[in-house]
Amino acid sequence: MKIIVDQDRCVASGQCVTAAADVFDQRDEDGIVVLLTDTPPEDLAADVHQAAAVCPALAILVED
Amino acid sequence: MTIHEAPAYPMARASGCPFDPPPKLRELQDEAPLVEVQIFGRPAWLVTRYAEQRKLLADPRLSADVTTSGYPSPTGTPPKSDGGVGIGFILMDDPEHARLRRMVTAPFMIKRVEAMRPGVQKIVDGLIDDLLAGPKPVDLMEAFALPVPSLVICQLLGVPYADHDFFQQNSKQLIKMTATQEQRATAHGNLAAYLDNLVGEKLDNPGDDLLSGLTERIKTGELTRQDAAGIGVLLLLAGHETTANMIALGTLALLEHPEQLAVLRETDDPKLVAGAVEELLRYLNITHNGRRRAVLEDIELDGQVLKAGDGVIFPNDIGNRDPEVFPDPDVLDLQRDARRHVAFGFGVHQCLGQPLARMELQVVYSTLYRRIPTLRRAAELDEIPFKHEGAVYGVHSLPVTW
Ligand code: HEM
Ligand code: SF4
């Protein structure tokens, strides 16, 4: 699994952090998404897909 | 588009079903994902299904700017005070929308909101102490549902809570669909002048709050004083009305579904509580008058063409009841996975305050019914006044006892 985020599109909704806090974080200065890891372990797959599905800005791409 | 025979939007709810969207919306959803309706005597598209709502709300070819030709609005002009204060970035498009939104995203990020949780718990506990010590029956809206988010947003913004009667009254008037243009302009003007004055004070004497943070940006020239005040109007308004209605209407819905209320009362699992909040957001979808947009460039979808200059309405209430996405959509089931709901909208305008709203609701729903286990209505359901005429749905008052 590989994750790509687009910080330009991100609107800092925090949805990804709520869905998968071990994978996504937010920048202190403006809440924009940052990846804690771009290749998380498989047991987080469901949470990562949930994060991508609820991201309102379509800023998260997951390649399996 | 043709206007003949198109049903008028918004539609009425069925009597005796205060928690369900208007039955006509379900009919139209069954019919097609895109249907024509009329609003303010003009045609507009109604996007009835969840998948199409998400797809179009995330499409940059749709504008949230009321001045865009075709936007479903009675006037086509945004609120603007005599002093030039508007209503923040909610009615703006990118890139200006993104530029301004990013100036206030930091205080709403998950870790900052989590840091506020103990303070919110204290506020909620204190208000429940007061309820238990005071007379009953009591109006839960006035004594609890409005004070919780008002106290929280005041602290966050740096607005004196002592002024709550003033801003609650004016906010209510501003979002009342049946208010005249003059009444709404007056309410907006009052809030705008109030926030402009506060921003002025904080320019001279900055504190440790969101509005003071904005004054730093005025000093660097990134932000005009009018835009700072406009953002203040938006946050103050959105920060208390919505959550207050979720608290009161959510409580009423739970009292009508005692087996669901029991689920909340008997758990101390934060995950279950968080899931319950998502389901109540989905089920109640209090922003019940539809997101509104205008088409900037022709868009083809499901065999239809939405033309530049067409108006579009997204009734998220029926989107959240789409049986393709939520099986048995009209059932309130706190243990279902409702996290995909669109109660906070979708796309770049999705609610900025959602982490805060979620946290406040988690604290409230996990505390109120455990501390007052015998809480019950003190009026018949049909005596309770619902906010049919508000841009945000809920109850005007909720008499309760225990
Ligand atoms: C349960 C409570 C809430 C609900 C149901 C709710 C719902 C919504 C919805 C549906 C939108 C999208 C508007 C659109 O697309 O046109 C929105 C936007 C917004 N909300 Fe909330 N909201 C809630 C609480 C809050 C709170 C507590 C705050 C702030 C403190 C807030 C601030 C905002 C702001 C600033 C926007 C505009 C975002 C933008 O245009 O980029 N909301 N909200
Ligand atoms: S869910 Fe999307 S928009 Fe929200 S913070 Fe994460 S990446 Fe940004």
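**Chain A–chain B contact and the shell around ligand 1**

Q: How many residues does each chain give to the contact in this predicted model?
A: The model is predicted, and the contact between the two chains draws on both of them. Chain A contributes 24 residues, and chain B contributes 18 residues.

Q: What share of the area buried between chain A and chain B comes from carbon and sulfur atoms?
A: The area buried between chain A and chain B amounts to about 1,800 Å². Of this area, the part given by carbon and sulfur atoms is 47%.

Q: Which residue of chain B meets the side chain of A:Asp25 in a salt bridge?
A: Between chain A and chain B the count is 2 salt bridges. In a salt bridge that involves A:Asp25, the N to O distance is 2.8 Å, and the partner side chain is that of B:Lys111.

Q: Which elements give two or more residues to the side of chain A that touches chain B?
A: By class, the residues on this side of chain A divide into 10 nonpolar, 8 polar and 6 charged. The elements of chain A that each give two or more residues are α1 (15-19), β2 (24-26) and α2 (45-54).

Q: Which element gives the most residues to the shell around ligand 1?
A: The shell has 16 nonpolar, 8 polar and 3 charged residues, and α3 (96-101), α10 (225-256) and β5 (291-295) of chain B each supply at least two residues. With 7 residues, the element that gives the most is α10(B).

Q: How far from an oxygen atom of ligand 1 does a polar side-chain atom of B:His97 lie?
A: B:His97 and B:Arg101 are among the residues that come nearest to ligand 1. For B:Arg101, a polar side-chain atom lies 2.8 Å from an oxygen atom of the ligand, while for B:His97 the corresponding distance is 2.6 Å.

Notes
Residues are numbered from 1 along each chain as its sequence is written. Chains are lettered from A and ligands numbered from 1 in the order in which they are written. This is a predicted model: local features need pLDDT of at least 70, side-chain atom pairs count only at pLDDT 80 or more; totals for chains, interfaces and linings use all residues. Side-chain values use heavy atoms; hydrogens and water are left out. Contact means heavy atoms within 4.5 Å. Buried area is the accessible area (1.4 Å probe) that two parts lose on being put together, summed over both. A salt bridge is a side-chain nitrogen of Lys or Arg within 4 Å of a carboxyl oxygen of Asp or Glu. Helices (H or I, at least four residues) and strands (E, at least two) are DSSP runs, numbered from the N terminus. Ala, Val, Leu, Ile, Met, Phe, Trp, Tyr, Cys and Pro count as nonpolar, Asp, Glu, Lys and Arg as charged, and the others, Gly among them, as polar. A residue is near a molecule or strand if one of its heavy atoms lies within 4 Å of it. A polar contact is a pair of N or O atoms within 3.5 Å; within protein, one must be able to donate a hydrogen and the other to accept it, and residues adjacent in sequence count only if both atoms are side-chain atoms.
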